[in-house]
Amino acid sequence: RDLVRSRGLGDVYKRQDLIVRGGSPSENRFYMDGIEIPNINHFATQGASGGPVSILNADLIREVQFYTGAFPVNKAGALSSVMDIRLRDGDVADNSFKATLGASEVSFSGSGHFSDKTTYLFSVRQSYLQLLFKLLGLPFLPNYVDGQFKIKTKFTPNDELVVLGLTGIDNMKLNMGIDGEEAEYYLSYLPRIKQQTFTIGAAYSHYMGKHVLSLIVGLSLIHISEPTRPY
């Protein structure tokens, strides 16, 4: 039986790990429009899949297919699961933009077209949790920025090219301005997390009736600074 469960790390920092059939969180693979992405969460632990906040903007997602076995031949190599995420296409009729103020972040997104054959989709988000947490006197100040885009061009009814990019930047600082024994306890073991994730890729597809010929290239970079502690 497939199992997805939540793990709590410490008393003040919660996260979600994806665990399928008792496997390791590092045994899952993620794809976005056919291009593999290394991570889908902010503040993820290296070698795992979890984190408290998703890098992906759910408003841009059209559908998600989750495989726990019998993986597609073009997504081989996974041990536990494959998550195939498909983004919406840009609007071919109009250009629209949306700004959102949420409980923890501000975002700006857009959907539209450059021409009759080329559409675009994008999203940029910036958190302000560090400001709220500082006002509340919490010991850690999480800050993250993420962005993603998709450009799709249909050369012919049977040929199309998708170019997409994804980035997530995490910078969790410690609130050294608070006092008290409990605050000193948390500050003594909470690390300062700094990491960046970047993915860019392109997928060319040629449709031949019931068959599809795809050529996919992608590049992903993950930079994780060594966690530092105040004491």
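Reader: Is V163 buried or exposed, or partly exposed?

Author: Let's start with the general idea: a residue counts as buried under 20% relative accessible area, as exposed over 50%, and as partly exposed in between. This is a predicted model, and in it V163 has a relative accessible area of 26%, so V163 is partly exposed.

Reader: Where does V163 lie, and which residues is V163 in contact with, leaving aside its neighbours within four places in sequence?

Author: V163 belongs to strand β14. Setting those neighbours aside, V163 makes contact with F149, K150, I151, G201 and A202. You can also follow the backbone here: V163 and T153 are ten residues apart along the chain, and 8.7 Å separates their C-alpha atoms.

Reader: Could we try that on another strand residue? What does V53 touch, not counting residues up to four places away in sequence?

Author: Happily. V53 is placed in strand β6, which covers residues 53–54. Beyond those excluded residues, V53 touches I40, N41, H42 and Y144. One of these, I40, is 13 residues from V53 along the chain, with a C-alpha separation of 8.7 Å.

Reader: Now a helix, please. Why do the buried residues of α2 line one face of the helix?

Author: The general idea is that an α-helix has 3.6 residues a turn, so residues three or four places apart point the same way. In α2, residues 181–189, the buried ones are A183, Y186 and L187. Looking down the axis of α2, you find these buried residues within an arc of 95 degrees, so they line one face of the helix. On the other side of α2 you will find E181, E184 and Y185, which are exposed.

Reader: What do the buried residues of α2 pack against?

Author: Their packing partner is β15, residues 173–174.

Reader: How should I read a phi angle, and what is phi for D33?

Author: As a rule, most residues other than glycine have a negative phi. D33 is not a glycine, yet its phi is positive, near 55 degrees. You can find D33 in the loop between β3 (28–32) and β4. With 7% relative accessibility, D33 counts as buried.

Reader: And A70: what is its phi, and is A70 buried or exposed?

Author: A70 also has a positive phi, about 50 degrees, without being a glycine. Its loop runs between β7 (61–67) and β8. A70 counts as exposed, because its relative accessibility is 77%.

Reader: Let's turn to the largest pocket. How much space lies in it, and which residues lie nearest its centre?

Author: The largest pocket holds about 550 Å³ of space. Its lining has 26 residues, and D33, G34, R86, S214 and I216 lie nearest the centre. By type, the lining divides into eleven nonpolar, six polar and nine charged residues.

Reader: Which strand gives the most to that lining?

Author: That is β17, with six residues. Several strands each supply at least two lining residues, including β4 (35–37), β8 (81–87) and β13 (144–156).

Reader: To finish, what about the whole chain? How many helices and strands are there?

Author: The protein chain has two helices and 17 strands. Of its 231 residues, 41% are buried. Take contacts between residues at least 6 apart in sequence: 55% of them join residues at least 24 apart. The chain exposes about 12800 Å², and carbon and sulfur atoms supply 58% of that area.

Notes. Residues numbered from 1 in each chain as written. Predicted model: local features only at pLDDT ≥ 70, side-chain atom pairs only at ≥ 80, totals over all residues. Heavy atoms only, no water. Buried < 20%, exposed > 50% of the residue type's maximum accessible area, 1.4 Å probe, protein only. Arc of directions from axis to C-beta. Contact = heavy atoms within 4.5 Å. 1 Å grid on protein atoms, 1.4 Å probe; cavity = no way out; pocket = protein on both sides within 12 Å on 5 of 7 lines; lining within 4 Å. Points joined across faces, edges and corners; volume = space filled by probe spheres on them. Nonpolar A, V, L, I, M, F, W, Y, C, P; charged D, E, K, R; others polar. Areas by Shrake-Rupley, 256 points an atom, 1.4 Å probe, with all protein chains shown as cover.
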